[in-house]
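Subject: Structure handover

Hello,

Here is the structure for you to take over. My notes on it are below.

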Amino acid sequence: MLLITNGQLITPDGVVEADLAIDGQEIAAIGRGLTGERVIDAAGCYVLPGGVDPHVHLQMPLAGRVSTDTFLSGSIAAAHGGTTTFIDFVTPEPEQSMLDALHARQAEADGETVIDYGLHMTIPTWHGAEETRLKETTAAVAAGCATFKLYQAYTGMVLDDPSLLRAFQAIARAGGLAVLHSETGPVLELLRSQALAAGYTAPIWHERTRPARLEATAIHRAAELADLAQCPLHIFHVGCAEAVAEITRAQAAGIDISGESCPQYLLLTAEEHLAGPDGALFICAPPLRNVSDHVPLWRGLANGALAMVSTDHCPWTRAEKDQPDFSLVPGGVPGIETRLSLIYHHGVRTGLISPSRWVEICCTEPARRMGLSRKGRLAPGYDADVVIFDPTRRRTLSVNTLHELCDWTPYAGMTLTGWPRTVLQRGRLLVEEEEFVGAPGDGTFIKRAF
Ligand code: MN
């Protein structure tokens, strides 16, 4: 038995000063006066369940490039930041079955990732229009891939409304959850080509050609179609007040819809695009918005309109981001390592959210909503994924100290108070006093179900 003593445990029943006992891979007991052969002293620290990041893109192929972090480097960075489970993506080729694509993607991650992982199954345009393809959702769910990524944007990915409804129906029949990139894509493509034709190529035009209200419009349509199909729906990367309002409206109408935001939307703005030569680095979709969006997003996380925080970690190097116009810049920002600490520093320390809510939105809710039944809680019987988080440890963020491979970080120079000291995964030390002590392949594919 391994004991973690003297910590402030953040449990579903609140914050309690107690010991945590681990037997093998599981949490065995929480209480006082427990005994064990090995003891880790967590005095002065929070003890919380391992972070669950429901949305990352490691070694993702895109138009001849591959996103900067591999399954190995990205998962090591995640572990240092207190995340012990991530969910990445698999995208079937036009002639490939969902199961073949799933197994191929698992083969890339297995033996590499140091933390546990799941995969979302993408339903691209070529699958979304075909009933026979959509029937494969049942086999995907049986293989532990119970969430399906749909897009309302991007050529080749965008599903028109009839295809979206068909996909929702198929996912509902299979017992899955739809996760959605929600923007009014075809209209954005038109606005973009009009801007380029008029000579507007600077990075700020990325934001100006993706109006926030068209994000909300897309969520509105998707929510109605998902409800028609009785398919549970999760909205990815919510970044503006209009989107929060639309999700709140749908929830009030009884629609089974959840949302997530990401640190970049909670902390940064489109002003970053105006910051000289680095302006293009911050291109991601949906785009960064305004400082006036920050309070509604934080309030949404506090009151439950938004259920969780993901990173949408999708790193590209400075050289890859350096393009002749904004439309050619690969979208995405890094952040897999900094999520827990950014939300602690900017959310908990400022009083916007409680320590318990911090754990709910970074650990418990992403696990529950995404079908990870053994993750995200400090409770007997759950996987012993545990983070010892020192709320006084200060870190100034820099590419030199982060373990992400990317040669830039959106948070360079930001000083955070609160950083993970020690991280365990299924009872084994993964990070000990900020030193990585795990090995490639320590992580395993986790079957998810509802
Ligand atoms: Mn994404």
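The notes run from the domains to the sheet, the pockets and cavity, and then some local backbone features.

Please keep in mind throughout that this is a predicted model.

Domains

The domain assignment splits the protein into domain 1, made of 2-48 + 381-436, and domain 2, which covers 50-369. Domain 1 is therefore given as two segments of the chain, with domain 2 numbered between them. The C-alpha centres of domain 1 and domain 2 are 27 Å apart. In the contact between them, 37 residues belong to domain 1 and 47 residues to domain 2.

The parallel sheet

There is an open sheet of eight strands with parallel pairing, and its order is β6-β9-β10-β11-β12-β13-β14-β15. The edge positions are held by β6 (51-53) and β15 (308-309); each has a single partner strand, so one side of each has no neighbour in the sheet. Helix α9, residues 212-229, packs on this sheet and touches β12, β13 (233-235) and β14 (257-261). The direction of α9 makes about 165° with that of β13.

Within the sheet, β11 and β12 (residues 177-181) run parallel and are joined by five bridges. K149 stands opposite V179 of β12.

Pockets

The largest pocket has a volume of about 1,200 Å³. Its lining counts 43 residues, and those closest to the pocket centre are M60, P61, L62, Y151 and M157. Several secondary structure elements supply at least two lining residues each: β7 (61-62), β9 (83-90), α2 (98-109), β11 (147-151) and α7 (185-197). Of these, α2 gives the largest share, with four residues. Sorted by class, the lining of the largest pocket holds 21 nonpolar, 12 polar and 10 charged residues. Two of the contributing strands, β9 and β11, also belong to the eight-stranded sheet described above.

The second largest pocket has a volume of about 180 Å³. Its lining consists of 16 residues, and P277, A280, K321, D322 and Q323 lie nearest the centre. The class split for this second pocket is seven nonpolar, four polar and five charged.

Cavity

How many cavities of 30 Å³ or more does the count give? The count comes to one. The space in the largest cavity is about 40 Å³. The residues that line this cavity are A153, Y154, G185, L188, E189, R192 and R210. By class, three of the cavity-lining residues are nonpolar, one is polar and three are charged. G185, L188, E189 and R192 from that lining fall in the range of α7 (185-197), one of the elements that also supplies residues to the largest pocket.

Hairpins at the C-terminal end of the numbering

Strand β17 (residues 415-425) and strand β18 (residues 428-432) run antiparallel and are joined by three bridges. One of the pairs is Q425 with R428 in β18. The hairpin of β17 and β18 has two residues between the strands, and R426 there takes a positive phi near 45°.

β18 also pairs with strand β19 (residues 435-436), in the antiparallel sense and over two bridges. Here E432 has E435 of β19 as its bridge partner. This second hairpin likewise has two residues between its strands, and E433 in the turn has a positive phi of about 50°. These strands lie in the 381-436 segment of domain 1.

Other backbone features

Which peptide bond is cis? The bond from A285 to P286 is cis, with omega near -5°. P286 is located in the loop between α11 (263-267) and α12 (294-303).

Q230 is not a glycine, yet has a positive phi of about 55°. This residue sits in the loop between α9 and β13, and that same α9 is the helix that packs on the sheet.

That is the full set of notes for the handover.

Regards

Notes: Residues are numbered from 1 along each chain as its sequence is written. This is a predicted model: local features need pLDDT of at least 70, side-chain atom pairs count only at pLDDT 80 or more; totals for chains, interfaces and linings use all residues. Side-chain values use heavy atoms; hydrogens and water are left out. On a 1 Å grid over the protein atoms alone, a cavity is a set of points where a 1.4 Å probe fits but cannot get out, and a pocket is an open set with protein on both sides within 12 Å along at least five of seven lines; lining residues have an atom within 4 Å of a point. Grid points are joined across faces, edges and corners, and a volume is the space filled by probe spheres set on the points. Ala, Val, Leu, Ile, Met, Phe, Trp, Tyr, Cys and Pro count as nonpolar, Asp, Glu, Lys and Arg as charged, and the others, Gly among them, as polar. Two strands pair if DSSP finds at least two bridges between them. Contact means heavy atoms within 4.5 Å. Axes are lines fitted to C-alpha atoms, for helices over the stretch in contact, and angles run from 0 to 180 degrees between N-to-C directions.
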